[in-house]
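Work through the following exercises with the sequence and the 3D structure open beside you. Try each task on your own before reading its solution.

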Amino acid sequence: MSLSWYLRRLSKMSPAEVSGRLRDAWTKRRWRGRQVRPGQPDPLKLCGRNIAPFTPGLAGFDRGQVPAGVTARILRTADAALEGRFRFFDREWESLSEDPDWFFDPRTGIRSPQHDYAFDIDHRRVESAGTVKYVWEPSRHHQITVVAAAYFLTGDARYAEFAAAQLQSWLRENPFLSGIHWTSGIEIGIRLISWVWIRRLLADWPGVEALFDESPAFRRQLHHHQEYLARLRSHGSSANNHVIAEEAGQFAACCAFPFFPESQKWRSHAASALQREARAQTYASGLNRELATSYHILVLELFLAAAVEGETAGHSLGSDFWHRICDMTDALAAIIDVRGRPPRQGDGDQARGLVLDDPDANPCPSLLATGAAFFGACDWWPGTANPDLRTLLWRHLAGRPMPSGARPRSTPSLFADAGMTLLRDRSGTADEIWCRCDHGPHGFLSIAAHAHADALSVELRCGGVELLADPGTYTYQGEAEWRSYFRSTIGHNCLELDGMDQSVSGGPFLWLKSARSELVSASGLEGGPEAVWCAAHDGYARLTPNARHQRSVRLIRGSGRILIEDFVQSAGKHGCRMAFHLGPQVDCYLDGNVAQLSWDTGTGRRRATMRLPEALSWTTVSGQAEPPLGWYSPCFGAKIAATTLVGSGRIAGGARLATELRIDLREKTLEPAGVADVIATPAP
C-alpha cells in the first residue's frame with residue numbers, strides 16, 4: 001500500500017489504537033527469532049501431559065435422526081473431497097489431495113511464500129502472495145470438517161484417514177510464523193473451530209488420540225495458535241467480524257482442548273471479549289452492525305459455535321449472550337425472501353464459521369433450523385427446513401433449550417437502528433413482492449470496511465427472482481477498478497450526481513467520508529392497501545451546501561405496482577446518472593423511457609413494465625469493461641454480464657424523478673425461448 005494510504009488509514013485510528021498497533025509491531029519484531037521453518041524442529045517445550053482431556057460430548061447421539069437427504073448430501077460432498085475436489089467461492093478445487101499445496105492460488109497460478117517470516121509478507125500484494133483469500137480458504141479446513149462428518153455418519157475409515165492426512169500435512173508445512181497462513185487472526189480463529197470439530201467427529205476412530213491429544217506436533221501448533229490470538233488481537237477500527245472470529249476460535253479451543261496452564265486465562269479473556277462484542281456489534285433489532293448480510297450470517301455461526309462449546313464444557317457464556325443469538329436469528333428470519341435468501345447488502349464473501357455440509361448450500365435454512373431447536377420458531381417465521389447435521393449436533397451438545405428473552409410477535413419490517421425497511425406484498429395469487437430499502441448508517445466503526453456507497457438503494461424481488469438486484473461484491477484485492485465499481489453508487493440502484501459516489505473511499509476497505517442517511521417516514525409495513533418508505537441522505541453536500549437526496553418507495557398491494565420518486569435538493573444544475581440493475585434472470589427490451597421486463601418462473605413467464613424518468617436519457621448496459629458497468633456477482637470471485645438501465649442527463653435543484661414498475665400478476669404459459677428471451681443464469 002502507498003504512503004498516502006497509510007496516512008489516510010492512520011487518520012481513522014484513535015490514540016489507543018495507534019498505541020495498540022505499536023505494541024503489536026514490537027511483538028512481531030521480537031517474535032522474528034521464534035519463527036520455525038519447514039523441516040526444522042519446533043523448540044517449543046510443553047508439559048508432558050495435558051492439563052485436562054478433550055471431551056467429545058457426542059455420546060448417545062442417535063445418527064438415525066439425521067434425515068437421509070442430509071446424509072446423502074454430506075457423503076456426496078465428502079466423496080468429492082476424497083478425490084481432491086471441493087468448492088470454494090466461484091470454483092471447485094481439483095487438487096486438494098491428502099497432501100495438497102497449501103500455498104497455491106488457483107486463480108492467478110501464483111504460489112504465496114511458504115518459508116518467509118509471516119509478518120514480512122504483504123498479503124495484499126497479488127504479484128507475490130496471489131489472491132490471498134483463495135490461498136487462505138482451504139486452510140480454514142472446512143473440507144476436512146465435512147470429511148470428518150462423513151466418518152461420523154458412516155464409520156468408514158477412508159474418511160478419517162483422509163482427514164488425518166490433510167491435517168498432518170498442514171501441521172508439517174505450516175510451522176509457527178512461517179508463511180501466509182500466520183498473517184491473519186481471523187484465519188487462525190476459524191481454523192481452531194474446525195480443529196475442535198474434526199477431533200469431535202473422529203472421536204470413535206482408533207487413531208484420533210495419536211492425531212490430536214498425544215501428538216507433540218498438534219499440541220505445539222494448538223499452543224502457537226492460541227498464543228498468537230492472545231497476543232495479536234484485532235482492535236480499534238479493525239475490530240469487526242475479525243475479532244469475533246478470533247475470540248470464538250480461542251474460546252472454543254480452550255473449552256474443548258484445555259491442555260495448557262494458560263487455557264483457563266485465555267478462555268476467560270475470550271469469554272469476556274465475546275460478551276462485549278455481542279453487545280457492541282449487534283443492533284437492538286438483531287442485525288449485525290456491519291450492515292453486510294454475509295457477515296451477519298458468519299457472526300451468527302461464530303456466536304453459536306462458541307456458545308455451544310461453552311455449554312458443553314460447563315463454561316456458559318450466559319443468558320444475555322444467548323439472547324443476542326436469538327435476536328440475530330429472529331432478524332434473519334424476518335429479512336429473507338420467499339425462497340429463503342437474505343438481502344445482498346454490503347460486502348459478502350460467503351464466509352462460514354463451521355461447515356459440516358455442502359458448502360454451496362444456502363446457510364439460512366440451517367441457521368433457522370438451529371434457532372428453532374434452541375428457542376422455538378415464532379409463528380410468523382417462514383417454514384423451517386428439516387434439521388441439518390450441525391443443528392442436531394449443536395442441540396445434542398447444549399442439552400437443553402436456551403433462553404430467548406422478548407421476541408417479536410409479528411414479522412419485523414422496520415429495523416430503524418440498522419436502517420433497513422422491508423416492503424412486502426403477499427396478497428392475492430401473486431408471488432411475494434419483496435423490497436429492501438436502505439437508510440442505514442454507513443457501515444461499522446471509523447473505516448466502515450465492508451460498507452458500500454449505497455444509501456437509499458433498493459432491492460426488489462418477485463417470487464424470489466431478483467428484478468432490481470444488488471450486484472454484489474466480486475472481489476476484495478488485486479482488481480482495484482472492479483473493487484471500486486462493486487462498492488460504488490452507480491454500482492447500486494441509486495442516483496449519482498456529478499460522477500461522484502455518495503461516500504468518499506480511501507482504499508478497498510476504507511471510507512474517509514460517509515453519507516448520513518435518515519428515515520423520513522414509513523407506513524403500512526404491517527398491512528393495508530400500500531406500504532410506503534421515505535428517506536434521505538446528505539452525501540452530496542460536499543458538492544453544494546445543504547444538498548440532499550430524498551427517495552420514496554410506494555408498494556401498492558394487490559396491484560403489482562411499485563412507485564419510486566427521487567427528489568434532489570441542491571443549488572444549480574448537476575450531471576445525473578440513475579441506475580437500475582436488473583437481476584441475471586431478467587430479460588429487458590428498452591424503448592425510450594419504457595422498459596419491458598420478463599423472466600422465467602419455472603412454470604411460465606412473468607412480465608413487468610418499467611416507466612423511467614423522462615428527464616433522463618435511458619440506455620441499457622451489459623458487461624461493459626471500461627469503465628465497469630452492467631455486472632452481477634453471483635458469488636465471491638465470479639461476475640457475469642447483466643442488464644443495467646442507466647439514465648443520464650442534467651437536473652436542477654428541486655428536480656423530481658418518478659419511476660413506476662408494474663408487475664403483471666397474470667402468469668403466462670411457458671413459451672419457447674427466442675433470441676430476446678434467453679435467460680441469463682448465474683454460473684460459477
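The model used in these exercises is a predicted one.

**Exercise 1. A pair of packed helices**

Task: Find helix 11 and helix 13, and decide whether they are roughly parallel or antiparallel to each other.

Solution. Begin by locating the two elements, since helix 11 covers residues 241-256 and helix 13 covers residues 293-313. Two packed helices are described by the angle between their axes and the distance between the axes. For helix 11 and helix 13 the angle is about 20 degrees, and the axes are 9 Å apart. Angles under 35 degrees count as roughly parallel, and helix 11 and helix 13 are therefore roughly parallel to each other. As a last step, look at the handedness, where you will find that helix 11 passes helix 13 in a left-handed crossing.

**Exercise 2. Another pair of helices**

Task: Apply the same steps to helix 6 and helix 7, and state how they are oriented to each other.

Solution. Helix 6 is made of residues 142-154 and helix 7 of residues 157-173. Their axes come within 8 Å and cross at roughly 155 degrees. Angles over 145 degrees count as roughly antiparallel, and helix 6 and helix 7 are therefore roughly antiparallel to each other. The crossing of this pair, helix 6 and helix 7, is left-handed.

**Exercise 3. An open sheet of 4 strands**

Task: In the open sheet with the order 8-15-22-19, work out which strands stand at the edges.

Solution. Start from the general picture that strands of a sheet pair through backbone hydrogen bonds, either parallel or antiparallel. In this open sheet of 4 strands the pairing is antiparallel. Strand 8 (495-497) and strand 19 (617-622) each have a single partner strand, so one side of each is left without a neighbour, and these two are the edge strands. From one strand to the next, the twist averages 25 degrees. To examine one pairing in detail, go to strand 8 and strand 15 (residues 573-581), which run antiparallel and are joined by 3 bridges. Within this pairing, Leu495 stands opposite Met578 of strand 15.

**Exercise 4. An open sheet of 5 strands**

Task: In the sheet with the order 3-4-5-6-7, find which residue of strand 6 stands opposite Arg436.

Solution. The sheet is open and its 5 strands pair in the antiparallel sense. Its edges are formed by strand 3 (414-415) and strand 7, each of which pairs on one side only. Inside the order, strand 5 (residues 433-438) and strand 6 (residues 458-462) are antiparallel and share 5 bridges. Following this pairing to Arg436, you reach Glu459, which stands opposite Arg436 in strand 6.

**Exercise 5. A hairpin and its further partner**

Task: Identify which residue takes a positive phi in the hairpin of strand 17 and strand 18.

Solution. Strand 17 (residues 594-600) and strand 18 (residues 604-611) run antiparallel and are joined by 7 bridges. One of the paired positions is Ser598, whose bridge partner in strand 18 is Arg607. The hairpin has 3 residues between the strands, and there Gly602 takes a positive phi near 100 degrees. Strand 18 also pairs with strand 23 (residues 655-663), in the antiparallel sense, over 4 bridges. In that pairing, Thr609 has Arg662 of strand 23 as its bridge partner.

**Exercise 6. Pockets and cavities**

Task: State which helix gives the most to the lining of the largest pocket, and then how many residues of each class line the largest cavity.

Solution. The largest pocket holds about 1,600 Å³ of space. Among its 49 lining residues, those closest to the centre are Arg21, Lys28, His123, Arg124 and Ser238. Helix 2 gives the most to this lining of the largest pocket, with 7 residues, and the whole lining divides into 22 nonpolar, 12 polar and 15 charged residues.

Turn now to the cavities, of which the count comes to 4 when those of 30 Å³ or more are included. The largest cavity has about 130 Å³ of space. It is lined by 18 residues, and the closest to its centre are Asp438, Pro441, His442, His452 and Asp454. By class, the lining of the largest cavity has 6 nonpolar, 9 polar and 3 charged residues. The second largest cavity, with about 60 Å³ of space, has 5 nonpolar, 4 polar and no charged residues in its lining.

Terms used
Residues are numbered from 1 along each chain as its sequence is written. This is a predicted model: local features need pLDDT of at least 70, side-chain atom pairs count only at pLDDT 80 or more; totals for chains, interfaces and linings use all residues. Side-chain values use heavy atoms; hydrogens and water are left out. On a 1 Å grid over the protein atoms alone, a cavity is a set of points where a 1.4 Å probe fits but cannot get out, and a pocket is an open set with protein on both sides within 12 Å along at least five of seven lines; lining residues have an atom within 4 Å of a point. Grid points are joined across faces, edges and corners, and a volume is the space filled by probe spheres set on the points. Ala, Val, Leu, Ile, Met, Phe, Trp, Tyr, Cys and Pro count as nonpolar, Asp, Glu, Lys and Arg as charged, and the others, Gly among them, as polar. Two strands pair if DSSP finds at least two bridges between them. Axes are lines fitted to C-alpha atoms, for helices over the stretch in contact, and angles run from 0 to 180 degrees between N-to-C directions. Angles under 35 degrees count as roughly parallel, over 145 as roughly antiparallel, 65 to 115 as roughly perpendicular and the rest as oblique. A crossing is left-handed if the near helix is turned anticlockwise from the far one by less than a right angle, and right-handed if clockwise.
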